[in-house]
Amino acid sequence: MTSGPTTDPRAAAPGAANPPKRRNTELALLGFAVLITLVAQAIVDLTVTGSLTTELATFGVWFAALWTVAHLVVRRWAPYADPLLLPAVALLVGLGLSFIHRLDLAAQQADSALSREDAPVQLVWATLGLVLFVGVLLVLRDHRLLSRFAYTLALVGLVLLAIPALLPSSLSEVNGAKIWIRVAGFSIQPGEFAKICLTVFFAAYLVDKRDVLALASRRVMGLELPRGRDLGPVLVAWGLSILVLVFERDLGSSLLLFGIFVVMLYVATERASWLLIGLGLFAGGALVAYQLFGHVQQRVDSWLDPFEYYDGSGFQVAQALFGLGTGGLFGAGLGGGRPDQVPVAKSDFIAAAVGEELGLFGLVAVIIVYLVLVERGLRTSLICRDAFGKLLAAGLSFAIAWQVFVVLGGVTGLLPLTGLTTPFLAYGGSSLVANFVLVAVLVRISDAARRPAAPTGPPKPALGDAPTEVVQT
Amino acid sequence: MNAPLRRVAISVLVLFTLLIVNVNVIQVVRSDELRSDGRNTRVLVEEYDSERGSIVAGGTEVANSVPTDDQLTYLRQYANGPVYAPVTGYYSLVYGNAQMERAADDVLSGDDARLFTRRLADLFTGRDPAGGDVVLTLDPAVQETAMAGLEGVTGAVVALDPSTGAVLGMASTPTYDPNQLSSHEPAAIRDYAAQLDGMEIDPRLNRAINARYEPGSIFKVVVSAAALSSGQYTPDTVIPAPQELVLPGTRTALENFGGSACDPSGRQSLLEALTISCNTAFAQLGIDLGEDRVREMAEAFGIGGDPLEIPLPVSESTLGEIETDAALGVSSIGQQDVQLTPLQAAMIASAVANDGTLMSPYLVDQVRAPDLSVIDQTDPEELSEPVSADVADQLTEMMTSVVENGSGRRARIPGATVAGKTGTAENAGPDHNWFIGFAPADDPQIAVAVFVANGGGTGGDVSAPIARDVMQAYLDGQGG
């Protein structure tokens, strides 16, 4: 493996001025993730079809090339980035591809006339995601640049969120949720991109206004409550989520956006009272939504007892639970279970497929890989030297954590179903591409956070110089 | 901002821990419950992937699995389904397994420990795992004759080999077609089940072992056995046989069948009393013997004993509570709360036929591995010894007289002596008709019980001819 010009592991020896970059660690872990993926694919092919195909070799080369490129780009343009972020993503994407391939085979077995395969499509999406990942790292040389476009991004985010609601149902509705833009055979879920845009906006806005928002007006029962007029932003965010819920019937995005905003508000202001206010607004909103909307009631009812609604809304979760229970500790083995019995196993319920075939151990391993990804992101936030980067890294990391919790909680019956996708693992182009962008931003921030502060002179966060830097790239 | 950040990090840890605890609960604690839930077709579908063993009777497969093109690799088929349905049961996607398909599931599916090494070998050789075969004790001629005899009525026939306890025939009507419950089309299965549900009498119930009925006069064989075993009676002992018997402590008069006198003198021998099935004589005899002797003898024949598994689970037969002498009198003629399964009735005849030794009834003769090697052969076992060989001989003499001279004439077989006893039991509807017996009387090969629910006639008219046909079919087949 060739190494980038700036990389010499020995330069990172203890006691040296530079902290270790750990790029070779990243490379080794990436190799490990690619290996696991290829072994998983080979097992799937052998178990289900009994033979290995040349497609596996093609896939292997392509998949390995993706992460080699990603690694080289990081080595060259973000050398101090956290070495665990990329391998965690690679492992999740690889496992996801293996399971989508596995479900493709199951669908073909059930109906031999079926030639549609989703795994190659997903690989194309992953490639596109990687192109954007590289693009973000090349163009965005300093994450603080993003704060300049905060309001633009907010507008973009809101427009993205609003489009499906404004489009006619024929172009925006799939399975009852109006969250898509369907053009020319492609389905794009703009909410996934809106999530990133709005998180950037939240970070910039909150850094700007956090002093005001942290002002307490009075103490009630040991809590310092903010002034009434400062409640504005949280009410707007809340209203926005309610609008999403009403016009797009999208419980997931609504919950996700509001959760991200409240947590970022809490981190920015260090006031627990915001959490309580957020929780109160959420509880109120949830109660009203439950009273008003049939689909919310249905979700809650079938969450409380999926087996009672087995013939209707509870079927999916019940089947997922059957799959998980049948998988038990060790699972049925890749290709040995019947994950195709769960409707939409490829996208919303891919975690159930993992649990059924890889067992408790496999599913917990996947959860822990997510945990590693999130905690590395939060660690980036902790050591980040600028407030905007800190808040942005926190927001993006929490976005992943919150989404994983809500989705996996839904699939395993811990929470009502929301219709969010499992980041990186599930089939779905928008989600995959958007999350690649999200990780690119995290990598960029972590590079800045871990980069030694002084030696090359203090590049002031001179915002005025920023456009010049963009042109230089 | 670091303090709240750390708290967020810890919260994320807590949330993920919740997820992990929850999947632990699902995949470990609730695993068995979810796996075995009837609506979870995963295990069943997995089962359909391997070739299920056959159920064999008389050298032919009465249930076997054949390869199909659909998603479930094998289809269960029942040759002559309705005739063997009471024993084979069904193997249904929708309703699970019943009867032998359930009781011998481990063998048929290949999960049985005795097939373990074989499965281990399959694992390494890549051979498709297959289940073992279950070879039934049923004799096709007996089974078919029994089912044909019951055509059009609700009833049951059980035929046993008295010397081993092997079940030669087990019929129950009305019957059904297990093929239609075992197809691969859930909608068609449900339709057929709905059709069965709509019938007045559920054909899926095996009346031979899972239904109990008042035995009527066939119970007199048990009372006779108790009398002879007490040492105070012989077949020639003369006992009171009044035209009517006022039950002790009541004003109820017990009459004979049709209100007739058993003997003009009001007394007759035990042999004669059984031959013409005299109610007053046996009621008085039961009262004279006392509840203990009657109950002990009934239990020795298996009534009220440990529930049998042959391996189909058998419902328990019972004498009921006998509170008074009046109740004892009525119980002694097989009424009151006495209730027997047809299998239990056959066991009474079988014990008498086998010199007083009751053999454990069983339906599975052999268990075979998929390569047809025998991995288990049932050894006949003694269940109990209700009467001595001498008493058995005396009972045989009396029961032979029933067929030769009494109510069981229609069970006579040319060229063979038949011993038997008829029963006509009162119940809420028309009388139940029974016949128990065995043949040949001097060297018993087959013991039978025939039950026709609400036949309306007498045991001698309705059930004895069916018993005769069944016994004759078997004796013909044996070259006798």
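User: Which strand of chain B is joined to β3(B) by four bridges?

Analyst: In this predicted model, the two strands run antiparallel. Strands are DSSP runs (E, at least two residues; helices are H or I, at least four), numbered from the N terminus, and two of them pair if DSSP finds at least two bridges between them. Within this arrangement, B:Asn64 stands opposite B:Gln77 of β3(B). The strand joined to β3(B) by four bridges is β2, residues 60-67 of chain B.

User: Which residues of strand β3 (residues 74-77) of chain B point to one face and are buried?

Analyst: In a regular strand the side chains alternate between the two faces of the sheet. A residue is buried if 20 or more other C-beta atoms, placed from the backbone, lie within 10 Å of its own (exposed if 12 or fewer, partly exposed in between). B:Leu75 and B:Gln77 point to the other face and are not buried. The buried residues are B:Tyr74 and B:Arg76.

User: Which element gives the most to the side of chain B that touches chain A?

Analyst: Residues are in contact if their C-beta atoms, placed from the backbone, lie within 7 Å; the contact takes 30 residues from chain B and 40 residues from chain A. Elements giving two or more residues to the chain B side are α1 (2-29), α2 (31-35) and α3 (41-49). With 18 residues, the one that gives the most is α1(B).

User: What is the mean pLDDT of chain B?

Analyst: pLDDT is the predictor's confidence in each residue, from 0 to 100. In chain B, 96% of the residues reach 70 or more. The mean is 90.

Terms used: Residues are numbered from 1 along each chain as its sequence is written. Chains are lettered from A and ligands numbered from 1 in the order in which they are written. This is a predicted model: local features need pLDDT of at least 70, side-chain atom pairs count only at pLDDT 80 or more; totals for chains, interfaces and linings use all residues. Two residues are in contact if their C-beta atoms, placed from the backbone, lie within 7 Å.
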